[in-house]
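Here is a friendly walk through one protein model. Please have a look at the sequence and the fold before reading on.

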Amino acid sequence: MTTPQIDIRRADDRFKTKISWLDSNHSFSFGQHYDPANTHHGLLLVSNDDIIKAGTGFSTHPHRDMEIVTWVLNGEVEHKDSQGNKGIIYPGLAQRMSAGTGIWHSEMNAKTDKDVHLVQMWVVPDTESINPGYEQLDINPQLAKGGLVPIASGRGHNAAIKIRQKGAVLWGGRLRPGETVKLPETTYLHVYIAKGNVELEGAGMLKAGDAVRLTGSAAPKLTADPKTGAEVLIWEMASQAQF
């Protein structure tokens, strides 16, 4: 383990893309936003917090050699891809798309009266040029039990969708007011507060949209606000992407 480091990134400091149909906040360099000092953390290259307006969305576009996980917070998003996969992604339904040798897909808000709020995250695969793939799994029953639940895993967790990256696990939690969880001890940890407020040991108070990048994590404790509770997304990563 390296010397523990804590890097707090506040919601208001993220790159922002705001157009007629999309309000997007980027935790790392993305699209026209580029900072050579902010391209990734561990194996995580993209963490976008998106609000897609009703009746709009991302029309068909390509991806290659990336493990893409979508987590909906409110509303629904409709997925279609060139492999024939279709799905309505709603809160608590984990979705993974392995782009591999190349895949085209669209992500549309089919509702005409309600926006959709989601977080989309990309990690590098441990093997390039695999066959494209898709998987989804409803884990609402596991989330309802409290604590942290594996959403996406390259390490074979039973309650998670699979990703082609042995060094990464995405944990999620809908924490009740005042609930405390212990975070994984790992080389790289990315903590994202999707809803509510929390207190993270060593980082202090965090609100929705804040993120913390930990290196050499010593399994800190995270406690949900006693009034608001919280929803959190935590990437546990054993190594760092190489470019």
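A nonpolar core is a set of buried Ala, Val, Leu, Ile, Met, Phe, Trp, Tyr and Cys residues joined through side-chain atoms within 4.5 Å. In this predicted model, the largest such core holds 36 residues, and those touching the most other members are Val-69, Trp-71, Met-121, Ile-151, Leu-170, Leu-233 and Trp-235. Several strands give two or more residues to this core, including β6 (67-74), β15 (168-175) and β21 (230-237). Apart from it lies another core of 19 residues, with Val-191, Ile-193, Val-198 and Ala-230 among them.

Trp-235 deserves a visit of its own: leaving aside residues up to four places away in sequence, its contacts include Leu-44, Val-69, Met-121, Ile-163, Leu-170 and His-190.

Now to strand β7. In a regular strand the side chains alternate between the two faces of the sheet. Along β7 (residues 77-81), Val-77, His-79 and Asp-81 point to one face and are buried, while Glu-78 and Lys-80 point to the other and are not. The table shows the strands that pair with β7.

| Partner of β7 | Direction and bridges | One bridge pair |
|---|---|---|
| β8 (residues 86-89) | antiparallel, four bridges | His-79 with Gly-87 |
| β10 (residues 103-108) | antiparallel, four bridges | Lys-80 with Ser-106 |

The hairpin of β7 and β8 has four residues between the strands, and Gly-84 there takes a positive phi near 90 degrees.

Finally, the largest pocket contains about 200 Å³ of space. It is lined by 16 residues, of which Leu-22, Phe-30, Asn-48, Asp-50 and Phe-58 are the closest to its centre. By class, the lining has four nonpolar, ten polar and two charged residues.

Key. Residues numbered from 1 in each chain as written. Predicted model: local features only at pLDDT ≥ 70, side-chain atom pairs only at ≥ 80, totals over all residues. Heavy atoms only, no water. 1 Å grid on protein atoms, 1.4 Å probe; cavity = no way out; pocket = protein on both sides within 12 Å on 5 of 7 lines; lining within 4 Å. Points joined across faces, edges and corners; volume = space filled by probe spheres on them. Nonpolar A, V, L, I, M, F, W, Y, C, P; charged D, E, K, R; others polar. Buried < 20%, exposed > 50% of the residue type's maximum accessible area, 1.4 Å probe, protein only. Contact = heavy atoms within 4.5 Å. Pairing = 2+ DSSP bridges.
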